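Subject: Structure for your review

Dear colleague,

Please find below the structure that I am handing over to you. An account of what was found in it comes after the sequence and the coordinates.

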Amino acid sequence: MEEQSPPGLTIGISGPRRRGPAQRLITLALRLQGARTHYIRPGAGVNVSLLDGLVLSGGTHVQPELYGQHPMVTAHYDKRRDETDQRLLVEAEILNLPVLGICRGAQLINVHRGGSLCQNVTPLRQNTRHRPLLLPLQTVKVVDHTRLSQIMQAPVIGANRIHSQAIKKLGKDLRVVAVDNDLFVQAIENTRGQWLMGLQWHPEYLLYHNGHRRIFRHFVDEACRLKMARLSAAP
């Protein structure tokens, strides 16, 4: 894959001030597909036009004020990161850059599009386990004829679960493309415009699985395709 990428293909990874295991694994996943990475901390003034794609990684809860609610759980929030990620989403859409949101990133995409979140799904679970799962022991049903179904190549997949929030009201121009056994949203996609996908699970922890690696490959392929188109169109 690396030799197919144009020189300087760079993916921005937005995350917390200090990189954790998730952000390092995302970096590894992208570099395995031939992309360079640029880490974006809260408040960073990055020039998005220099990027070829954007990953919004997991982390703190999204501020409930952003979707018209008051905090109903004890959680850590990062207002500066929320603001940074929203700015990145706006600029990425203007530039038609592909965006992949992971866990918090998927939730932020939904809120940015006018949707809302359930602040704590744990007591609402009836058919799924209550405890966090790092291994792919959560059953996820993938909607047919979607980008995600083409990537995963299976109607039912195993995924992990390291979250307590979930998408509630769906945002504008988004569609649900995967659910768990309690019908909580597990993945969303854009219905028009740019390549945009949000995953409630963490594929970066599942790089030993072909299907989850293909998510990053497909994302990088799209970033590569768009960059090649821009280079071809340039005078």
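The notes that follow go from the whole chain to its helices and then to single residues.

Please bear in mind from the outset that this is a predicted model.

**The chain as a whole**

The chain contains five helices and 11 strands. Its radius of gyration is 17 Å, which agrees with the value near 18 Å that a compact globule of 235 residues would have. Along the principal axes, the C-alpha atoms occupy a box of roughly 55 × 35 × 30 Å. Buried residues make up 54% of the 235 in the chain. If one takes the contacts between residues at least 6 apart in sequence, 72% of them join residues at least 24 apart.

**Helix α1 against helix α5**

Two pairs of helices deserve a description. Two packed helices are described by the angle between their axes and the distance between the axes.

The first pair consists of α1, residues 21–32, and α5, residues 210–233; their axes come within 9 Å and cross at roughly 60°. Since an angle of that size falls outside the 65 to 115 degrees counted as roughly perpendicular, α1 is oblique to α5. The crossing of these two helices is right-handed. On the α1 side the contact is made by I26, A29 and L30, and on the α5 side by F216, F219 and V220. By class, this contact has six nonpolar residues, with no polar and no charged ones.

**Helix α2 against helix α3**

The second pair is α2, residues 79–95, and α3, residues 104–112. Their axes lie 10 Å apart and the packing angle is about 70°, which makes α2 roughly perpendicular to α3. Here too the handedness can be stated: α2 passes α3 in a right-handed crossing. From α2, the residues R81, D82, D85, Q86, L89 and V90 meet R104, L108, I109 and H112 of α3. The residues of this contact divide into four nonpolar, two polar and four charged.

**The surroundings of α3**

How many of the nine residues of α3 are buried? Eight of them are, so α3 is largely enclosed by the rest of the structure. The buried residues are R104, G105, A106, Q107, L108, I109, N110 and V111.

C103 sits in the loop between β4 (99–102) and α3. Phi of C103 is near 55°, a positive value in a residue other than glycine. Most residues other than glycine have a negative phi. C103 is also buried, with a relative accessible area of 7%.

Just after α3, G114 has a positive phi of about 95°. S116 follows in the loop between α3 and β5 (117–118). With a relative accessible area of 11%, S116 counts as buried. Apart from neighbours within four places in sequence, S116 is in contact with Y67, Q69, N110, I167, K168 and K169; N110 is one of the buried residues of α3.

**Other loop residues**

Q153 also has a positive phi, of about 60°, although it is not a glycine. Its place is the loop between α4 (147–152) and β7 (156–161). Is Q153 buried or exposed? Q153 is exposed, with a relative accessible area of 59%, whereas C103 is buried.

H163 is found in the loop between β7 and β8 (166–167) and is buried, with a relative accessible area of 14%. Leaving out residues up to four places away in sequence, H163 touches C103, R125, Q186 and Q200. The C-alpha atoms of H163 and A229 are separated by 37 Å, and the two residues are 66 apart along the chain.

F184 lies in the loop between β9 (174–180) and β10 (185–190). This residue is buried as well, with a relative accessible area of 15%. Beyond its neighbours within four places in sequence, F184 is in contact with V121, L124, R125, A178 and V179. R125 thus appears in the contacts of F184 and in those of H163. From C-alpha to C-alpha, F184 and M228 are 37 Å apart in space, and they are 44 residues apart in sequence.

With kind regards

Note on methods: Residues numbered from 1 in each chain as written. Predicted model: local features only at pLDDT ≥ 70, side-chain atom pairs only at ≥ 80, totals over all residues. Heavy atoms only, no water. Axes fitted to C-alpha atoms, helices over the stretch in contact; angles between N-to-C directions. Helix = DSSP H or I, 4+ residues; strand = E, 2+ residues; numbered from the N terminus. Parallel < 35°, antiparallel > 145°, perpendicular 65-115°, else oblique. Left-handed = near helix turned anticlockwise from the far one by under 90°. Contact = heavy atoms within 4.5 Å. Nonpolar A, V, L, I, M, F, W, Y, C, P; charged D, E, K, R; others polar. Rg over C-alpha atoms; globule rule 2.2 N^0.38 Å. Buried < 20%, exposed > 50% of the residue type's maximum accessible area, 1.4 Å probe, protein only.
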